[in-house]
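Please take a moment with the sequence and the model before reading on. The explanation is meant to be followed with the structure open beside the text.

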There are 2 protein chains.
Amino acid sequence: MDAISDDKLTDAQNELYQWIKDYMREFQHSPSIRQMMQAMRLKSPAPIQSRLKHLQDKGYIKWQEGKARTLQIVEEIIDGIPILGSVAAGGLIETYSDVKENFDISDVLKHKDVFALTVNGDSMIDACIADGDMVLMAPITDANSIRNGTIVSALVPGLGTTLKYFIKKSNNIFLEAANPNYDPIELNPEEVVLQGKLLAVWRKV
Amino acid sequence: MDAISDDKLTDAQNELYQWIKDYMREFQHSPSIRQMMQAMRLKSPAPIQSRLKHLQDKGYIKWQEGKARTLQIVEEIIDGIPILGSVAAGGLIETYSDVKENFDISDVLKHKDVFALTVNGDSMIDACIADGDMVLMAPITDANSIRNGTIVSALVPGLGTTLKYFIKKSNNIFLEAANPNYDPIELNPEEVVLQGKLLAVWRKV
DNA sequence: CATCCATAGGAACAAATGTACTTTAATACA
DNA sequence: TGTATTAAAGTACATTTGTTCCTATGGATG
């Protein structure tokens, strides 16, 4: 059910661990031992200490000794979303594995001055970018570094901004849709301002 | 540059605020005032308290009075990525606007026990979910609450886990692909374990 | 120059808190 | 039944830490 195989945790340890995760998700900081004591309906801090020690030994949490409220969840990185494994969107061939990985968008954020755009229209539908999607873009500093086939947002002055495949052919720039209903746009390099190249796609349902 | 308009913050306040955010991102818990003191190269906790008070008054942070290390970032838009506007994926009709919005995945994260799966295969390609995408899922607690047409990850014991449209018809469950090359799978409710419903899709290029 | 105000330094205190220790109860096992 | 193991209760203590004072300094303002 949860990210980490809970098999090795006793019920009491697991209850504490889940409670700590909920608390930290809500308050963005660690609870104190006495808070855990109350939440676990105990009357002494000692049992909590014991359970924390066990959770630490099993690699679930860690903390700075002697410092108040310094708990950390070990296995949950940036957003606390565990990747449980792979899921088949084809045949029924795959099952959850024990892949220890995490949903992590930090590598995308590492780019400088990342910005986002919302997508209108379906011209990139064959690239699996749908109407309403949000695209994360990195600013293009050197137009010559863009490889053909890269998806870019381009500003054509007087016309507007569009999201298309970037193709450079014999000194002309073609902006091609991923949709046979749209024709490629041919432009002189001077006519177009390349604003960003596609880093990632985000879609909420 | 950042999620919140820093205009109203002095340099000292902003430096502290940024440092706190970095610290909490790295350690998952609040720093202490004396830690901030050292980080700000100060020799007394008083200035930090003053800056914290200002940050609180301006709505950036809050904490539980008297309790150690209980800072919370109030308006933290998770990733601080500005949405510059809309981009047309159809005609050249739209242009960047001054929409002040932010790329924000916190609403997705608010769900309890969110987990992620990587997608293998192309059976959901018509739903714009491609091979290699990452899907964020919320655990399904009540199978009866799932509406027809919801995309779910389902575990068919002995066969594996798959991502499909969920359709319930006359007490039977159909798992339908978004790809005409795949036939719907018909199952008894007892045969299938619904694990999660689709919250969002994430694709890195 | 005098005044005001914001900020920094410094010290002290009480509360919160992690930790260690002992005792007691519950449980498992032979 | 007796014993060993584990967990909980209870207590105590030292440290960490938020908070409150007071004082000093620097800059802006009149």
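The paragraphs below go from the fold of one chain to the two DNA strands, and then to a few charged side chains.

The model is a predicted one, and chain A serves as the starting point. Chain A contains four helices and eleven strands, and of its 205 residues, 47% count as buried. Among the contacts in chain A that link residues at least 6 apart in sequence, 49% join residues at least 24 apart.

The surface near DNA strand D is made up of 23 residues, of which A:Ser44, A:Arg51, B:Ile33, B:Gln49 and B:Arg69 come nearest. Of the atoms of DNA strand D that come within 4 Å of the protein, sugar and phosphate account for 61%. Two of the contacts involve phosphate oxygens: one such oxygen lies 2.3 Å from an N or O atom in the side chain of A:Arg51, and a phosphate oxygen is also found 2.9 Å from a polar backbone atom of B:Ile33. A base is reached as well, since an N or O atom in the side chain of B:Arg34 is 2.9 Å from a base nitrogen of DNA strand D. Considered by element, helix 3 (45–57) of chain A, helix 2 (33–39) of chain B and helix 3 (45–57) of chain B each supply at least two residues of this surface, and the largest share, five residues, comes from helix 3 of chain A. Considered by class, the surface near DNA strand D has nine nonpolar, six polar and eight charged residues.

DNA strand C is surrounded by 22 residues, and the closest are A:Ile33, A:Arg34, A:Arg69, B:Ser44 and B:Arg51. Here sugar and phosphate account for 60% of the atoms of DNA strand C that come within 4 Å of the protein. A polar backbone atom of A:Ile33 is 2.8 Å from a phosphate oxygen of DNA strand C, and a polar side-chain atom of B:Arg51 lies 2.3 Å from a phosphate oxygen of that strand. The side chain of B:Ser44, by contrast, has a polar atom 2.9 Å from a base nitrogen of DNA strand C. Two or more residues of the surface near DNA strand C come from each of helix 2 (33–39) of chain A, helix 3 of chain A and helix 3 of chain B, with helix 3 of chain B giving the most, four residues. The classes on this surface are eight nonpolar, six polar and eight charged residues.

One of the residues nearest to DNA strand D, B:Arg69, deserves a closer look. B:Arg69 is located in the loop between strand 1 (61–62) and strand 2 (72–73) of chain B. What is the nearest side chain of opposite charge to B:Arg69, and how far away is it? That side chain is B:Glu26, 12 Å away, and B:Arg69 is buried yet has no salt bridge. Polar contacts are nevertheless present, for the side chain of B:Arg69 reaches the backbone oxygen of A:Ala68 at 3.0 Å and makes a polar contact of 2.9 Å with the side chain of B:Gln35. Leaving aside residues up to four places away in sequence, B:Arg69 touches residues of both chains, including A:His29, A:Lys67, A:Arg69, B:Tyr23 and B:Pro31.

Salt bridges do occur elsewhere, and the count over all chains comes to seven. In one of them, A:Asp133 pairs with A:Arg203, and the closest N and O atoms are 2.8 Å apart. Because A:Asp133 lies in the loop between strand 5 and strand 6 of chain A while A:Arg203 belongs to strand 11 (residues 193–204), the pair ties together parts that are 70 residues apart in sequence. A:Asp133 is buried, with a relative accessible area of 1%, and A:Arg203 counts as buried at 10%. In chain B, the side chains of B:Asp133 and B:Arg203 meet in a salt bridge at 2.8 Å, N to O, and both of these residues are buried.

A salt bridge within a single helix is formed by B:Lys53 and B:Asp57, whose closest N and O atoms are 3.5 Å apart. Being four residues apart in helix 3 of chain B, the two are separated by about one helical turn. B:Lys53 is partly exposed at 42% relative accessibility, whereas B:Asp57 is exposed, with a relative accessible area of 53%.

Terms used:
Residues are numbered from 1 along each chain as its sequence is written. Chains are lettered from A and ligands numbered from 1 in the order in which they are written. This is a predicted model: local features need pLDDT of at least 70, side-chain atom pairs count only at pLDDT 80 or more; totals for chains, interfaces and linings use all residues. Side-chain values use heavy atoms; hydrogens and water are left out. A residue is near a molecule or strand if one of its heavy atoms lies within 4 Å of it. A polar contact is a pair of N or O atoms within 3.5 Å; within protein, one must be able to donate a hydrogen and the other to accept it, and residues adjacent in sequence count only if both atoms are side-chain atoms. Ala, Val, Leu, Ile, Met, Phe, Trp, Tyr, Cys and Pro count as nonpolar, Asp, Glu, Lys and Arg as charged, and the others, Gly among them, as polar. A salt bridge is a side-chain nitrogen of Lys or Arg within 4 Å of a carboxyl oxygen of Asp or Glu. Buried means under 20% relative accessible area, exposed over 50%, partly exposed in between (1.4 Å probe, protein chains only). Lys and Arg count as positive and Asp and Glu as negative; His and the chain ends are not counted. Contact means heavy atoms within 4.5 Å.
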